[in-house]
Amino acid sequence: MTFQATGELRHNWDISEVQALFDLPLNDLLFQAHTIHRANFDPNSIQISTLLSIKTGKCSEDCGYCSQSAHHNTDLEPESLLALDKVISAARQAKSEGADRFCMGAAWSRPNKRDFPKVLEMIKAVKSLDMESCVTLGMLDTEQVQQLKEVGLDYYNHNLDTSPEFYANVISTRTFQDRLDTLNSVQEAGINVCSGGILGMGEARKDRCSLLIQLANMSKHPDSVPINMLVQVEGTPLFGADAIDPLEFVRTVAVARIMMPMSVVRLSAGREEMSDEMQAMCFFAGANSVFYGERLLTTDNTSTNRDQKLFENLGINTQLEKNKDCKNKSSRQQPVQAQSTSANIV
Ligand code: SAM
Ligand code: DTB
Ligand code: SF4
């Protein structure tokens, strides 16, 4: 069976359609994904965000992939909430290196009353540098969501991580529904949602299909969709898991692009382990954002030096949001559909 994507915005994907996309010959899948990508975005521009861990380790959740869980015995130096001036200097540095969004991550199940107001100050400080702000703080109550909205938070990152069916294999201290509840209240408050998952945790292809269905069938697609490749950390339960086949990773990016044609898809953690060729295929398949900077949260990112060489080699610029020729604007309601009829013929 072949499957022809139309590039329209849909929220009613079913598993057989998504499996059919994965089953396409790779060239047909890439051609469809790239055609949709090119119709909605400048294909040679990506967005770059820089990450900072503002509170590290001793997290009460037991996520099987995470270096920061108090349930695992990892070689990690815990750190309480960073001081505001440290956050400001890291954000300034990120801006001087070209990042337009600064993402702050905290190892919390949910923010506590003492620290949350300090995070609000950090968001205000980042915004005053004329950068977009993003935070990832775990689960939120509605009052916290309102406060984030009031200080002008641009993006809230909250990953679904994996399929509902596989979820309990990875995390036992919260449910998939807990994640959906926070995402819904963030979206209802009008804050941009950043939500995706992790590949390479031992999940099957049907779990990757199911995760993408959860994301694409939300009433509004996440504005940003990070696709992480597991960074294996010694001492975590998932250390030693079988690595995902690089072409299966590329396929997942392509299917995400087709299912969420107007979302920015981020080639997220794990790039250090990827070849330049694999990253280039991901950009062709529809990835158009990366984390830029020497560190992710607690692990090394691919070096800025390597990234600069790679972007230059691929002819990629890092001005996605600012590129005047870019046809996609987040305010636009309708996707641009693939123009070429042959693009839909497989
Ligand atoms: N504690 C908050 C939460 O879990 O939502 C925010 C921080 S948490 C580190 C943010 C996300 O980082 C996780 O949801 C997961 O998707 C990703 N992540 C954490 N450890 C990772 C790893 N070893 N490899 C890839 N992604 C990882
Ligand atoms: C996301 O999807 N990936 C980022 C960010 N959102 C917060 C985190 C990646 C963490 C990688 C492992 C680490 O450095 O601890
Ligand atoms: Fe805690 Fe987030 Fe790590 Fe899970 S992913 S252990 S919630 S920091």
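Ligand 1 fills space that, with the protein atoms taken alone, is the largest cavity. Keep in mind as you look around that this is a predicted model. Around ligand 1 there are 15 residues, and those that come nearest are Trp108, Asn159, Asp161, Arg179 and Val231. By class, this shell has 9 nonpolar, 4 polar and 2 charged residues.

Three polar contacts are worth finding on your screen. At Asp161, a polar side-chain atom lies 2.6 Å from an oxygen atom of ligand 1. Asn159 also uses its side chain, where an N or O atom is 2.8 Å from an oxygen atom of ligand 1. With Trp108 the backbone is involved: one of its polar backbone atoms is 3.0 Å from a nitrogen atom of the ligand. On its own, ligand 1 would expose 540 Å², and the protein buries 90% of that.

Now turn to ligand 2, whose space is likewise the largest cavity. Which residues are closest to ligand 2? They are Asn159, Asn228, Leu297, Thr298 and Thr299, out of 14 that surround it. Asn159 may ring a bell, since it is also listed among the residues that come nearest to ligand 1. The shell of ligand 2 contains 6 nonpolar and 8 polar residues, with no charged ones.

Here, too, you can trace individual contacts. An N or O atom in the side chain of Thr299 is 2.8 Å from an oxygen atom of ligand 2, and the side chain of Asn228 places an N or O atom 2.9 Å from an oxygen atom of this ligand. Leu297 takes part through its backbone, with an N or O atom 3.0 Å from a ligand oxygen. Of the 400 Å² of accessible area that ligand 2 has by itself, the protein covers 87%.

Ligand 3 comes next, and this ligand also sits in the largest cavity. Its neighbours are Cys59, Glu61, Cys63, Tyr65, Cys66, Ser69, Ala107, Trp108 and Arg174. Trp108 should look familiar, as it is also one of the residues that come nearest to ligand 1. The shell of ligand 3 divides into 6 nonpolar residues, 1 polar and 2 charged.

Finally, have a look at the second largest pocket, with a volume of about 300 Å³. Its lining is made up of 20 residues, and Met229, Leu230, Val231, Gly270 and Glu273 lie nearest the centre. Val231 links this pocket back to the start of the tour, being another of the residues that come nearest to ligand 1. Sorted by class, the pocket lining has 10 nonpolar, 6 polar and 4 charged residues.

Note on methods: Residues are numbered from 1 along each chain as its sequence is written. Chains are lettered from A and ligands numbered from 1 in the order in which they are written. This is a predicted model: local features need pLDDT of at least 70, side-chain atom pairs count only at pLDDT 80 or more; totals for chains, interfaces and linings use all residues. Side-chain values use heavy atoms; hydrogens and water are left out. A residue is near a molecule or strand if one of its heavy atoms lies within 4 Å of it. On a 1 Å grid over the protein atoms alone, a cavity is a set of points where a 1.4 Å probe fits but cannot get out, and a pocket is an open set with protein on both sides within 12 Å along at least five of seven lines; lining residues have an atom within 4 Å of a point. A molecule sits in a cavity or pocket if more than half of its atoms lie within 2 Å of its grid points. Ala, Val, Leu, Ile, Met, Phe, Trp, Tyr, Cys and Pro count as nonpolar, Asp, Glu, Lys and Arg as charged, and the others, Gly among them, as polar. Grid points are joined across faces, edges and corners, and a volume is the space filled by probe spheres set on the points. A polar contact is a pair of N or O atoms within 3.5 Å; within protein, one must be able to donate a hydrogen and the other to accept it, and residues adjacent in sequence count only if both atoms are side-chain atoms. Accessible areas come from the Shrake-Rupley method with a 1.4 Å probe; for residues, only the protein chains shown count as cover.
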